[in-house]
Amino acid sequence: GPCGPPHSDSPPMRLNARPSAVRRDVLYSPASATRTLPYVGHVASALQADYARWRFVVREFETLTGANAARPESAAGAAPGAALSGAATIQAPDAGARALRREARWLADAIRRALDELGALGCECRDLERGLVDFPAVVDGAPAWLTWQPGEPSVAFWRRRGAGLTTRRPLDGAEVLDPAAGVVAGGALPSSTERAPRAAGVGIG
């Protein structure tokens with residue numbers, strides 16, 4: 001992937017918080033999910049940091065372009081992110097605003113790439129702010145998600161498919177299907193050092 005912000009002529013940025021594809025032929029046990037954490041945990045932590053920075057950049061952009069609110073072409077004052085896809089992102093003359101626009105686009109791309117990395121393992125990040133990751137599983141005979149978030153030493157929580165994040169609960173006493181060897185995210189995981197450089201701290205001259 002790119003190692004810096006995309007060219008300023010790229011399309012107006014938006015935050016697409018869904019992976020382009022998610023592997024569907026994989027199930028996890030708590031043990032197999034926990035074994036992915038050196039890699040998945042790195043991706044989730046990067047997602048948290050990049051999302052926090054993206055939100056900050058959006059707010060800064062909207063502050064800088066707020067003076068144009070009276071202009072018909074301005075999208076200032078819209079919900080966070082909305083102004084970044086409107087005419088104001090193209091019309092804003094301020095160099096600082098243009099730099100923020102480029103950085104936000106780059107961060108949005110970095111977030112999408114990270115979500116795709118998780119999707120390739122069959123995992124999904126359900127909460128960018130918390131970095132919460134779901135692993136597909138079968139618990140008590142029904143489709144479910146094993147769930148993990150940064151700070152937890154192992155994958156030890158779960159929830160039913162279709163249930164909200166607030167239903168997340170410990171695995172204590174739950175029966176989790178242990179998939180056959182080779183079914184669970186087989187193959188070597190990418191090294192955390194092989195990921196594209198994080199957006200945090202990238203220069204946006």
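Q: What makes a pair of helices roughly antiparallel?
A: Angles over 145 degrees count as roughly antiparallel, under 35 as roughly parallel, 65 to 115 as roughly perpendicular and the rest as oblique. This is a predicted model, in which local features need pLDDT of at least 70 and side-chain atom pairs count only at pLDDT 80 or more, whereas totals for chains, interfaces and linings use all residues. Residues are numbered from 1 along each chain as its sequence is written, and side-chain values use heavy atoms, with hydrogens and water left out.

Q: Why are helix 2 and helix 4 called roughly antiparallel to each other?
A: The axes of helix 2 (residues 37-65) and helix 4 (residues 95-120) cross at roughly 155 degrees and come within 9 Å. Helix 2 and helix 4 are therefore roughly antiparallel, since the class begins over 145 degrees.

Q: Why is the pair of Tyr28 and Phe135 called edge-to-face?
A: Rings of Phe, Tyr and Trp (its six-membered ring) pair if their centres lie within 6.5 Å; planes over 60 degrees apart count as edge-to-face, under 30 as stacked and the rest as tilted. The ring centres of Tyr28 and Phe135 are 5.2 Å apart and the planes stand at 75 degrees, so the pair is edge-to-face. Tyr28 lies in the segment before helix 1 (30-35) and Phe135 in strand 2, 107 residues apart.

Q: What makes the pair of Tyr51 and Trp54 stacked?
A: The centres of Tyr51 and Trp54 are 6.4 Å apart, with 10 degrees between the planes, and the pair is stacked.

Q: How do you know whether Trp54 is buried or exposed?
A: Buried means under 20% relative accessible area, exposed over 50%, and partly exposed in between (1.4 Å probe, protein chains only). Trp54 has a relative accessible area of 8%, so Trp54 is buried.

Notes: Axes are lines fitted to C-alpha atoms, for helices over the stretch in contact, and angles run from 0 to 180 degrees between N-to-C directions. Helices (H or I, at least four residues) and strands (E, at least two) are DSSP runs, numbered from the N terminus.
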